[in-house]
Amino acid sequence: MPKKFHMGWFMNFIPPEWDTDLASPDVALWPNGDFYVDMAQSMERAGFDLIMIEDTVMVADAYGGTMEGALKHSAFAPKHDPLPLAVKLIANTSKMGVVATMSTSFYPPYLLARACSTVDSIAEGRFGWNIVSSAEDRAAQNFGLAGLPEHDERYNVAQEYFEVVTRLWDSWDADAVVMDRSTHTYADFTKVRTIDFEGQYFTSRGPLNTVPSPQLRPTFLQAGASPKGRAFASGAADAIIAVGTGVEGMKEYRDDIRRRAADIGRNPDDIKLLFVVSPTVGATAADARAEVDRVLNHPSYIEKSLVNLSSNTEIDFRQFDLDEPLPEGLTTNGERGSLEHFLRGDGTPGKKTLRELVMQRAKRGLELVGTPAQVAQHLADAMEEVGGDGFLISKPGWDLSRNYITSICDGLMPELQRMGLVRTEYTKSTLRETLREF
Ligand SMILES: Cc1cc2nc3c(=O)[nH]c(=O)nc-3n(C[C@H](O)[C@H](O)[C@H](O)COP(=O)(O)O)c2cc1C
């Protein structure tokens with residue numbers, strides 16, 4: 001039997017594909033969340049482990065110093081709050097995990113711990129938190145700060161934040177609710193305690209005022225790729241959102257995380273590396289190629305990609321000539337992993353122009369274009385070489401269409417199931433157990 005791997009989807013609560021002939025007739029209604037409910041139900045039918053909703057909290061203006069690009073191309077603006085959408089998805093599915101992104105830089109720890117506990121109870125244990133520290137000064141300015149702390153310092157804050165919220169989730173013993181009618185006692189007060197946390201960045205008295213949720217703590221996802229990010233993720237995460245350049249880069253990333261986990265006494269098998277991939281499948285290989293061309297040749301594709309990249313890295317990519325290589329030494333206080341990944345391109349030797357790098361970005365490290373059988377085999381080969389643990393789908397060009405969702409859920413996934421590589425049923429009740437099943 002081949003080793004099974006996990007499948008998730010990395011998406012955002014943004015307008016789906018609206019500016020093409022494949023736009024859904026109800027696309028203008030996306031803010032009501034129903035488009036994404038349809039998506040989650042298709043995913044659950046297809047055996048996905050989880051859907052993960054990304055988030056940032058600002059309208060970017062890094063590209064050319066204006067909001068025009070972001071708003072014109074709906075390049076992550078608008079973007080709606082993932083947590084209420086997560087609750088709606090949870091209410092309309094019954095098995096699949098649902099993960100929302102919330103930032104340690106902006107949510108007060110008590111509010112976040114309480115929200116996660118409440119939602120995990122509503123989800124009966126299927127909820128996850130994608131831990132991010134945010135990467136944009138523009139977001140910080142929406143919360144009364146002049147800017148974000150320096151990159152590594154953000155991780156120091158996140159580390160302490162993680163400790164406070166964990167202590168809050170642990171402030172009730174799992175068996176604190178007794179609901180004992182003979183003594184007329186709902187909760188045993190000896191099993192609920194203050195945490196009296198006083199750290200460098202946070203203080204919190206506690207206890208939490210929610211009952212322990214089915215998972216006690218939400219399932220933790222994290223995406224740090226820098227050395228500091230990897231150190232944090234290997235200590236905290238149940239699953240890591242990973243971007244690798246080719247199979248070698250993926251293997252290096254996974255081996256490094258597993259080594260770091262073992263070094264601090266964690267079982268490496270408890271951390272699943274989920275690699276972001278952007279496959280395109282079609283009835284024939286030529287159909288799939290034509291679909292890639294359709295996405296890449298959209299008049300907004302290049303500028304929209306650069307607006308997105310500028311917003312994650314706060315580098316103004318409009319200042320550079322599209323047909324020249326980028327200057328040496330670009331650095332960011334934003335998403336370092338994302339910048340490095342972009343600059344590496346598809347890993348082939350030689351200096352690339354900015355235009356070439358943008359086109360290669362759509363491949364997300366592995367070029368996956370073909371029939372469902374061809375792409376499934378490619379994924380299988382990559383996983384075998386890397387060693388595990390799974391993939392996160394992200395649509396090339398971002399904006400989702402029902403067409404694309406169907407091609408993955410009713411094309412690629414059944415093929416992977418036939419090959420025995422992904423789940424065909426859900427046997428566990430919580431997301432953490434689902435991820436640890438294999
Ligand atoms: C695939 C991927 C998804 C991410 N999703 C989010 C997100 O939803 N919100 C956010 O603020 N940051 C997100 N990030 C940023 C990471 O959480 C992290 O802050 C960033 O990569 C900087 O960490 P690093 O420098 O250690 O790579 C994402 C990063 C990657 C690579």
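Here a biologist asks a modeller about the barrel, its helices and the nonpolar cores of one predicted model.

Modeller: This is a predicted model in which local features need pLDDT of at least 70 and side-chain atom pairs count only at pLDDT 80 or more, while totals for chains, interfaces and linings use all residues. Residues are numbered from 1 along each chain as its sequence is written, and side-chain values use heavy atoms, with hydrogens and water left out.

Biologist: In what order do the eight strands close into a barrel?

Modeller: Strands here are DSSP runs of E with at least two residues, and helices are runs of H or I with at least four, numbered from the N terminus. Two strands pair if DSSP finds at least two bridges between them. The pairing in this barrel is parallel, and the order is β1-β2-β3-β4-β9-β10-β11-β14.

Biologist: Which residue in β9 is the bridge partner of I131?

Modeller: Strand β4 (residues 127–132) pairs in the parallel sense with strand β9 (residues 219–222) over four bridges. The partner of I131 in β9 is Q222.

Biologist: At what angle does helix α13 run to β14?

Modeller: Axes are lines fitted to C-alpha atoms, for helices over the stretch in contact (heavy atoms within 4.5 Å), and angles run from 0 to 180 degrees between N-to-C directions. Helix α13 (residues 372–386) lies across β11 and β14, and its angle to β14 is about 135 degrees.

Biologist: Which helix gives the most to the largest nonpolar core?

Modeller: A nonpolar core joins buried (under 20% relative accessible area, 1.4 Å probe, protein chains only) Ala, Val, Leu, Ile, Met, Phe, Trp, Tyr and Cys residues through side-chain atoms within 4.5 Å. The largest has 102 residues, with W9 and L416 among those with the most contacts inside it. With nine residues, the helix that gives the most is α6.

Notes
Buried < 20%, exposed > 50% of the residue type's maximum accessible area, 1.4 Å probe, protein only.
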